[in-house]
Amino acid sequence: MSLDPTRLAPMANAIRALSMDAVQAANSGHPGMPMGMADVATVLFANHLKFDPAAPDWADRDRFVLSAGHGSMLIYSLLHLSGYAHPTMEEIANFRQLGSPCAGHPENFLLDGVECTTGPLGQGLAMAVGMAIAERHLNAEFGDNLVDHRTWVVAGDGCLMEGINHEAIGIAGHLKLGRMIVLWDDNTITIDGSTDLSTSEDIRARYEATGWHVVSCDGHDGADIERAIEEAIADERPSLVACRTVIGKGAPNKQGTSATHGAALGADEVAAAREELGWSAAAFEIPDDILADWRALGQHGADMHGEWRERLGASEHKAEFERRMAGELPQGDKAAQAFADWLGKDQKVATRKASEMALDVLTPLLPEMIGGSADLTGSNNTKAKGMEPLTADNYGGRYLYYGIREFGMAAAMNGMALHGGVIPYGGTFLIFSDYCRNAVRLSALQQTRAIYVFTHDSIGLGEDGPTHQPVEQLMSLRLIPNLYVFRPADVIETAECWNLALQAKGTPSVLALSRQNLPQLRHADDPEGEMLSGKGAYRLRAATGTRKVVLIATGSEVELACAAADALEADGIGVDVVSMPCMELFAEQDEAYLTDLLPADALKVSIEAGATLGWERYTGTDGLQIGLDRFGASAPAGDLFEKFGFTAEAIVPKIKAKLGI
């Protein structure tokens with residue numbers, strides 16, 4: 001569909017009017033960006049974007065990402081005008097108010113048509129890289145008839161300044177993601193004022209150096225915008241379209257200044273803008289002829305969707321494609337049988353190795369799994385047997401070499417998960433989870449099934465020393481809502497934790513895994529068919545006599561808890577050993593289970609080679625917390641565990657003293 005040039009101005013002005021009116025009503029928000037990018041967005045939606053407002057989950061729709069999420073009224077206006085069921089005009093009028101889906105920044109779980117939650121600058125663009133990867137991968141598997149769409153991004157100066165931008169565009173350029181196009185709102189303004197205050201870099205040259213195509217246009221000239229977009233579409237590289245715009249376009253006294261960035265224009269300036277734009281309609285009213293032009297765009301998309309549905313119906317891949325896009329796991333018990341066989345063995349391996357063994361079982365059965373690592377493949381053990389690299393020459397591969405780009409990797413994983421059809425997992429050291437923490441937080445906020453494989457999870461990594469030894473990271477990650485943090489104790493728990501992570505469709509997961517070998521603690525005599533890790537914590541060993549102590553441990557310290565229990569039991573002190581691979585799942589259990597596992601009449605002792613803050617929740621203030629509340633040191637792992645008191649010989653006297661023995 002091609003936009004009548006005479007209709008561009010009134011259609012774009014509808015965006016400007018809704019944006020300034022909503023921000024004015026809320027007395028809060030960012031009118032400048034949507035007013036400045038209104039012309040570009042109108043050309044995009046009218047001439048290029050493939051979408052169907054009646055079917056916002058259409059698998060082959062174009063993905064539109066508003067990376068500059070502070071300008072949220074741009075996407076709210078576009079969704080309403082083009083015919084999505086929400087936001088309604090009433091919801092727009094209640095912009096930024098409690099109960100309105102028109103939040104200050106776009107949230108993917110509040111509105112259809114919002115592909116991802118944006119606001120933390122740079123991450124929208126970085127997630128779009130993941131969406132573009134998923135599109136090319138699924139295209140390689142299912143062909144043009146089912147998967148053939150583009151990923152569009154509106155980004156501002158802030159998105160391009162953030163460090164993650166360097167990581168994201170490096171990945172996109174290297175993979176030659178030519179169906180990704182970034183529309184840069186090149187308005188030379190940030191909150192503080194002109195961009196000259198803070199930067200003098202040549203952004204175009206930086207993008208070109210990473211393998212991108214770059215083109216510029218006048219962001220207020222419809223024909224020039226169209227020319228630049230057509231050039232971008234024609235190039236096989238990912239494209240940056242530098243759209244020179246005026247922030248707050250249409251506000252005669254404030255446009256082009258930072259005054260329009262993050263505050264309401266004020267009643268007088270809104271009135272002046274109406275006069276400047278020739279917009280006579282009242283606030284939150286769109287003239288019928290302009291609304292009709294916008295709604296016609298949605299009908300065009302519905303026609304394309306109908307044609308695609310016919311192709312899907314005739315495809316031999318229909319069932320598998322729909323299963324993948326729905327995020328449903330395949331039927332079958334082959335994985336369960338394989339893992340059940342492990343119970344009869346005695347495998348002493350690091351849990352990072354156990355994870356690799358689990359992946360060797362899972363990845364052939366789940367073709368939607370796409371793995372990767374931030375340049376630590378051999379250490380994270382994330383590449384399963386038979387996995388080919390996903391490259392510019394082989395989009396059908398299932399393993400990504402992200403390079404040293406932890407933040408970019410995590411954001412790309414979010415984008416892949418949000419796109420649908422794939423389940424991404426990626427690895428780095430647990431200490432470097434801090435590099436990608438904000439993307440992990442967005443995984444949780446957006447309810448994505450992204451799986452983080454964080455290895456080298458304690459001082460047990462040894463000689464690399466305190467710069468690489470996590471102390472506070474485990475408990476810090478547990479603070480993030482809607483995130484499962486798994487720390488398995490052996491090969492069996494590792495398999496169970498992978499199973500649980502894959503089943504958690506709306507919750508991301510962290511697998512914190514050891515570098516050092518750990519003994520297998522569970523064997524064939526466990527309750528048949530019961531996935532004990534599914535409750536977050538369980539009684540691994542029961543006291544042989546009257547229970548006086550409950551030892552609660554995670555990961556590599558469960559072995560230590562068992563050794564301490566042996567010593568205490570030998571002295572006639574009854575001890576339960578509780579393995580707690582996932583605090584979050586344990587917190588979801590009913591009160592009866594919680595009190596049975598952690599009874600009030602026993603001394604409760606936590607053992608974890610990390611920060612102790614937070615363990616009081618389970619030990620009580622009268623319990624003991626054995627942990628590490630300082631940085632580590634450089635030495636072999638065994639020496640470090642002895643130095644910092646992680647031995648039965650060091651722990652048992654503390655427990656006896658607490659018992660008054």
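Me: In the predicted model, which residue of β3 is the bridge partner of V154?
Reply: In this predicted model, strand β2 (residues 151-155) and strand β3 (residues 180-186) run parallel and are joined by 5 bridges. Within that pairing, the bridge partner of V154 in β3 is L183.

Me: In what order do the 5 strands of the open sheet stand?
Reply: The pairing in this open sheet is parallel, and the twist from one strand to the next averages 20 degrees. Taken across the sheet, the order of the strands is β1-β2-β3-β7-β6.

Me: Which strands stand at the edges of that sheet, each with a single partner strand?
Reply: The open sheet has the strand order β1-β2-β3-β7-β6. A strand with a single partner has one side left without a neighbour in the sheet, and this applies to both edge strands. The edges are therefore formed by β1 (63-66) and β6 (213-218).

Me: What angle does the direction of helix α10 make with that of β6?
Reply: Helix α10 (residues 222-234) packs on the sheet, where it touches β2, β3, β6 and β7 (239-244). Its direction, compared with that of β6, makes an angle of about 170 degrees.

Me: How many residues apart in sequence are the parts tied together by R16 and D39?
Reply: The side chains of R16 and D39 meet in a salt bridge, with an N to O distance of 2.7 Å. R16 counts as buried at 3% relative accessibility, and D39 likewise counts as buried at 6%. Because R16 lies in helix α1 (residues 5-26) and D39 in helix α3 (residues 38-47), the pair ties together parts whose separation in sequence is 23 residues.

Me: Are R487 and D457 buried or exposed?
Reply: The side chains of R487 and D457 meet in a salt bridge at 2.8 Å, N to O. This pair links distant parts of the chain, 30 residues apart, with R487 in the loop between β13 (484-486) and α20 (491-503) and D457 in the loop between β12 (451-455) and α19 (473-478). As for their accessibility, both R487 and D457 are buried.

Me: What is the relative accessible area of R539?
Reply: R539, in strand β16 (residues 538-541), is paired with D596, in helix α23 (residues 591-597), so the two tie together parts that are 57 residues apart in sequence. Their side chains meet in a salt bridge at 3.5 Å, N to O. D596 counts as partly exposed at 42% relative accessibility, and R539 is also partly exposed, with a relative accessible area of 27%.

Me: Why is strand β14 described as largely enclosed by the rest of the structure?
Reply: Both faces of β14 are covered, with S509, L511 and L513 buried on one side and V510 and A512 buried on the other. Strand β14 also has parallel neighbours, with 5 bridges joining it to β12 and 3 bridges joining it to β13. The strand (residues 509-513) is largely enclosed because its buried residues number 5 of the 5.

Me: Which residue of β14 is the bridge partner of V485?
Reply: Strands β13 and β14 run parallel and are joined by 3 bridges. On the pairing of β14 with β12, T455 stands opposite L513, whereas the bridge partner of V485 in β14 is V510.

Me: How much accessible area do F109, L110 and L445 have together?
Reply: L110 has its place in the loop between α5 (89-93) and α6 (123-142), and L110 is partly exposed, with a relative accessible area of 37%. With F109 and L445, L110 forms a nonpolar patch on the surface, and their accessible area together is about 230 Å².

Notes
Residues are numbered from 1 along each chain as its sequence is written. This is a predicted model: local features need pLDDT of at least 70, side-chain atom pairs count only at pLDDT 80 or more; totals for chains, interfaces and linings use all residues. Side-chain values use heavy atoms; hydrogens and water are left out. Patches are made of residues with over 30% relative accessible area and no salt bridge: like charges are joined within 9 Å, nonpolar side chains (Val, Leu, Ile, Met, Phe, Trp, Tyr) within 5 Å. Accessible areas come from the Shrake-Rupley method with a 1.4 Å probe; for residues, only the protein chains shown count as cover. A salt bridge is a side-chain nitrogen of Lys or Arg within 4 Å of a carboxyl oxygen of Asp or Glu. Helices (H or I, at least four residues) and strands (E, at least two) are DSSP runs, numbered from the N terminus. Buried means under 20% relative accessible area, exposed over 50%, partly exposed in between (1.4 Å probe, protein chains only). Two strands pair if DSSP finds at least two bridges between them. Axes are lines fitted to C-alpha atoms, for helices over the stretch in contact, and angles run from 0 to 180 degrees between N-to-C directions. Contact means heavy atoms within 4.5 Å.
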